[in-house]
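Work through the exercises below with the sequence and the model at hand. Try each task before reading its solution.

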Amino acid sequence: RTSHHLADNAVVMQGMPDLADNHKEHVRNAAMALLRGVDLPPPQAHFVNRHTDQKLHLYWKNHGTQELVAVKKHLQPGESFGTTTYPGHVFVAYYANDDEANHSKSNNNS
């Protein structure tokens, strides 16, 4: 109880840095969604293979097992790919001919 009281102390609050404009917008959107009783849309991740001659395999890393799970195989040079994600989601990309990528579980071979 005491630590909560201290966390609300005006002196402590004044010592916190100001939010950047983009962070203020995120907080505003989250507060509006909360007040309306609606969910925010999930964040999106967008990937572009900027290589001119290499296909890529894209994986996400399972935090619990450390296993790599295929999200997109054979991302062609110049091709883009988007997917729903969440904050802290870890993605890993390998060249399509990299042996390490062949040892991962595949959920999506698109």
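The exercises go from the whole chain to single residues, and the model they use is a predicted one.

**Exercise 1. Outline and confidence**

Task: State how many helices and strands the chain has and in what order they run, then find where confidence is lowest and where it is highest.

Solution:
- Step 1. There are three helices and six strands. Read from the N terminus, the order is α-α-α-β-β-β-β-β-β.
- Step 2. The mean pLDDT of the chain is 82, and 80% of the residues score at least 70.
- Step 3. Confidence is lowest in strand β6 (residues 105–106), with a mean of 50, and highest in strand β4 (residues 80–84), with 94.
- Step 4. Over residues 106–110 pLDDT stays under 50, and the model has 10 contacts for them beyond four places in sequence.

**Exercise 2. Surface and contacts of the chain**

Task: Find what share of the 110 residues is buried and what share of the accessible surface belongs to carbon and sulfur atoms.

Solution:
- Step 1. Of the 110 residues, 21% are buried.
- Step 2. The accessible surface is about 8400 Å², and carbon and sulfur atoms account for 54% of it.
- Step 3. Take the contacts between residues at least 6 apart in sequence: 63% of them join residues at least 24 apart.

**Exercise 3. The length of helix α3**

Task: Check whether the distance between the end C-alpha atoms of helix α3 agrees with its 16 residues or disagrees.

Solution:
- Step 1. Helix α3 covers residues 21–36, and at 1.5 Å a residue it should span 22 Å.
- Step 2. The end C-alpha atoms are 23 Å apart, so the two values agree.
- Step 3. After α3 comes Gly37, with a positive phi near 75°.

**Exercise 4. Salt bridges**

Task: List the three salt bridges and say how accessible each partner is.

Solution:
- Step 1. Side chains of opposite charge can pair when their charged atoms come close.
- Step 2. Asp21 and Lys24 form one such bridge, at 4.0 Å from N to O. Both residues are in helix α3, three residues apart, about one turn of the helix. Asp21 is exposed because its relative accessibility is 63%, over the 50% cut-off. Lys24, at 44%, is partly exposed.
- Step 3. Glu25 pairs with Arg28, and their closest N and O atoms are 3.0 Å apart. This pair, too, lies in helix α3 with a spacing of three residues. Glu25 is partly exposed at 37%, and Arg28 is partly exposed at 44%.
- Step 4. Lys72 and Glu79 meet at 3.7 Å, N to O. Lys72 has a relative accessibility of 11% and so counts as buried, while Glu79 has 25% and counts as partly exposed.

**Exercise 5. Strand faces and pairing**

Task: Sort the side chains of β5 by face and those of β4 by cover, then find how β5 and β4 pair with other strands.

Solution:
- Step 1. In a regular strand the side chains alternate between the two faces of the sheet.
- Step 2. In β5 (residues 91–95), Val92 and Tyr94 point to one face and are buried, whereas Phe91, Ala93 and Tyr95 point to the other and are not.
- Step 3. In β4, Phe81 and Thr83 make up the covered face, and Ser80, Gly82 and Thr84 the uncovered one.
- Step 4. β5 pairs with β2 in the antiparallel sense over five bridges, and Leu56 is opposite Tyr95 of β5.
- Step 5. β4 and β1 also run antiparallel, joined by five bridges. Here Ala45 has Thr83 of β4 as its bridge partner.

**Exercise 6. Residues in loops and a positive phi**

Task: Locate Pro42, His89 and Gln66, and describe the setting of each.

Solution:
- Step 1. Pro42 is in the loop between α3 and β1 (44–48). Pro42 and Thr84 are 42 residues apart in sequence, yet 6.3 Å apart from C-alpha to C-alpha. Beyond its neighbours within four places in sequence, Pro42 contacts Thr84 and Thr85.
- Step 2. His89 is in the loop between β4 and β5. With a relative accessibility of 18%, His89 counts as buried. Beyond four places in sequence, His89 contacts Trp60 and His63.
- Step 3. Gln66 is in the loop between β2 (56–61) and β3 (68–75). Its phi is positive, about 65°, although Gln66 is not a glycine.
- Step 4. Most residues other than glycine have a negative phi. His74, in strand β3, likewise has a positive phi, near 60°.

Methods:
Residues numbered from 1 in each chain as written. Heavy atoms only, no water. Helix = DSSP H or I, 4+ residues; strand = E, 2+ residues; numbered from the N terminus. Expected span 1.5 Å × (residues − 1). Buried < 20%, exposed > 50% of the residue type's maximum accessible area, 1.4 Å probe, protein only. Pairing = 2+ DSSP bridges. pLDDT = per-residue confidence, 0-100. Contact = heavy atoms within 4.5 Å. Areas by Shrake-Rupley, 256 points an atom, 1.4 Å probe, with all protein chains shown as cover. Salt bridge = Lys/Arg side-chain N within 4 Å of Asp/Glu carboxyl O.
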